[in-house]
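Got the structure open in your viewer? Let's walk through it one selection at a time.

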Amino acid sequence: MSIHPLPPPKAPTGLGRLPVARWFLVIGVLAGFAFATGVVVTMSMIAHARALGPRPEIAAQLDRLNVALIVLFGVLLAGGAGLAFVIRYAVLKPIDQLTEQVRTVAAGDFDHRLGVDRPAELSELSSHVDSMRRRIVSAWRGAADQADELRRSNGELEQFAYVASHDLQEPLRKVASFTQMLEQRYGPQLDDRARQYIHYAVDGAKRMQLLINDLLDFSRVGRVSGERVPTDSGEALDRALENLSATIEDTGATITRDDLPVVEGNRMQLTQLFQNLVENAVKFRSEDPPRVRLTAERKGDMWEFSCSDNGIGVDPKYADRIFLIFQRLHPRDVYPGTGIGLALCRKIVEYHGGQLWLDAEPAGHGTTFRWTLPAAGGDA
């Protein structure tokens with residue numbers, strides 16, 4: 001199994017830049033030089049002692065010393081050669097093998113086995129590393145299979161929601177249309193209770209149509225028209241306010257704003273985001289005329305937006321619940337709606353790589369929502 005290779009390793013610094021083989025080579029050269037120097041100095045001292053013409057017994061002792069030193073130097077030389085052989089084949093070569101195996105795995109071949117036979121410490125280390133490799137690969141395969149299954153399931157679910165919602169529109173329109181026609185044609189023959197029943201039927205059909213449309217919008221985020229390009233968020237807000245112009249005029253709402261930046265996003269979805277937040281701010285108003293303010297502040301690579309109002313506010317204990325789909329804090333007859341608006345807003349923001357949350361301590365009364373969007377590339 002080959003997957004994307006790992007990033008390059010961190011470059012070593014200081015004395016760590018030298019490989020282990022070179023360290024042994026440098027130490028071996030220094031030891032050899034010291035050994036040769038010792039041999040030359042010792043032989044020179046013995047030759048100088050002989051030149052002094054010592055007595056015969058001293059000369060004999062010098063000969064025995066000379067033989068002993070030659071044997072000792074020979075043993076040291078043989079030991080050094082043996083040590084070099086052991087280091088080369090018992091340490092350096094296994095390290096090279098393990099290094100090459102690790103490079104192969106890091107290059108993307110995660111099925112490549114790690115293992116050396118010697119020495120015992122490296123063999124144990126390679127065994128542990130290979131065990132971790134197998135566990136990681138097994139977990140990765142399981143996660144990949146689950147991700148594929150989840151993508152397939154989500155795709156089928158989105159397709160089902162789209163088809164079901166689309167197919168439900170026509171019968172709902174017929175229910176509402178023919179019920180209204182029934183009231184128009186037989187109105188004089190109907191009593192107040194019958195008219196009330198007709199009103200309930202028409203209202204239910206219209207609310208179902210609104211719910212279906214909202215569900216379609218929710219399922220389309222990131223799937224339809226999902227291209228993200230540098231987008232002027234101020235223009236997206238202008239379009240949202242234009243769509244809400246009748247509501248703003250009817251409620252006497254005042255909308256103030258800062259200069260909004262260019263972000264990396266989808267204009268249609270950003271317009272939907274602003275429209276839902278401003279519409280919520282106007283809908284959940286207090287006794288005073290609605291006042292809504294929108295701002296933006298740069299935070300690193302992101303822009304942090306805020307939408308503040310002077311409405312009825314939200315209890316902080318519901319800060320997470322309000323972003324769940326179909327969650328309502330008020331009766332439908334008091335504040336109409338489907339309970340999808342804020343869930344849709346969060347999905348749009350998260351699709352753009354940002355976060356949406358309720359400000360726990362808004363300035364004054366009302367509600368403040370904050371969210372982040374990525375700055376457009378090259379925007380300083």
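Start by selecting aspartate 111 and arginine 141: their side chains form a salt bridge, with N and O 3.0 Å apart. The two ends sit in distant parts of the chain, 30 residues apart, with aspartate 111 in the loop between helix 2 and helix 3 (120-186) and arginine 141 in helix 3. Switch on a surface and you'll find aspartate 111 partly exposed, at 32% relative accessible area. Arginine 141 is partly exposed too, at 37%. Keep in mind that you're looking at a predicted model.

Stay on helix 3 and pick arginine 134 and aspartate 130. This is another salt bridge, and its closest N and O atoms are 2.5 Å apart. Why is about one helical turn between arginine 134 and aspartate 130? Because they are four residues apart in helix 3. Now colour by accessibility: is aspartate 130 buried or exposed? It counts as buried, since its relative accessibility of 4% falls under the 20% cut-off. Arginine 134, at 46%, counts as partly exposed.

Next, jump to aspartate 359 and arginine 370, whose side chains meet in a salt bridge at 2.7 Å, N to O. Here the partners are 11 residues apart: aspartate 359 lies in the loop between strand 6 (356-358) and strand 7 (368-374), while arginine 370 belongs to strand 7. Aspartate 359 counts as buried at 18% relative accessibility, whereas arginine 370, at 24%, counts as partly exposed. Add Lys299 and Glu304 to the selection, and you have a network of salt bridges that links them with Asp359 and Arg370. Across the whole structure, a search turns up 12 salt bridges.

Time for some empty space. Go to the second largest pocket, which holds about 410 Å³. To centre your view, select Gly28, Ala31, Gly80, Leu83 and Ala84, the closest to the pocket's centre among the 17 residues that line it. The elements giving two or more residues to this lining are helix 1 (20-51) and helix 2 (56-106). Which one supplies the largest share of the lining? That's helix 2, with nine residues. Colour the lining by class and you get 13 nonpolar, three polar and one charged residues.

Finally, zoom out to the full protein chain. In cartoon view, look for eight helices and seven strands. Of its 380 residues, 28% count as buried. The chain exposes about 24,400 Å², with carbon and sulfur atoms supplying 59% of that. If you draw a contact map, consider the contacts between residues at least 6 apart in sequence: 68% of them join residues at least 24 apart.

Methods:
Residues are numbered from 1 along each chain as its sequence is written. This is a predicted model: local features need pLDDT of at least 70, side-chain atom pairs count only at pLDDT 80 or more; totals for chains, interfaces and linings use all residues. Side-chain values use heavy atoms; hydrogens and water are left out. Buried means under 20% relative accessible area, exposed over 50%, partly exposed in between (1.4 Å probe, protein chains only). Contact means heavy atoms within 4.5 Å. Accessible areas come from the Shrake-Rupley method with a 1.4 Å probe; for residues, only the protein chains shown count as cover. On a 1 Å grid over the protein atoms alone, a cavity is a set of points where a 1.4 Å probe fits but cannot get out, and a pocket is an open set with protein on both sides within 12 Å along at least five of seven lines; lining residues have an atom within 4 Å of a point. Grid points are joined across faces, edges and corners, and a volume is the space filled by probe spheres set on the points. Ala, Val, Leu, Ile, Met, Phe, Trp, Tyr, Cys and Pro count as nonpolar, Asp, Glu, Lys and Arg as charged, and the others, Gly among them, as polar. A salt bridge is a side-chain nitrogen of Lys or Arg within 4 Å of a carboxyl oxygen of Asp or Glu.
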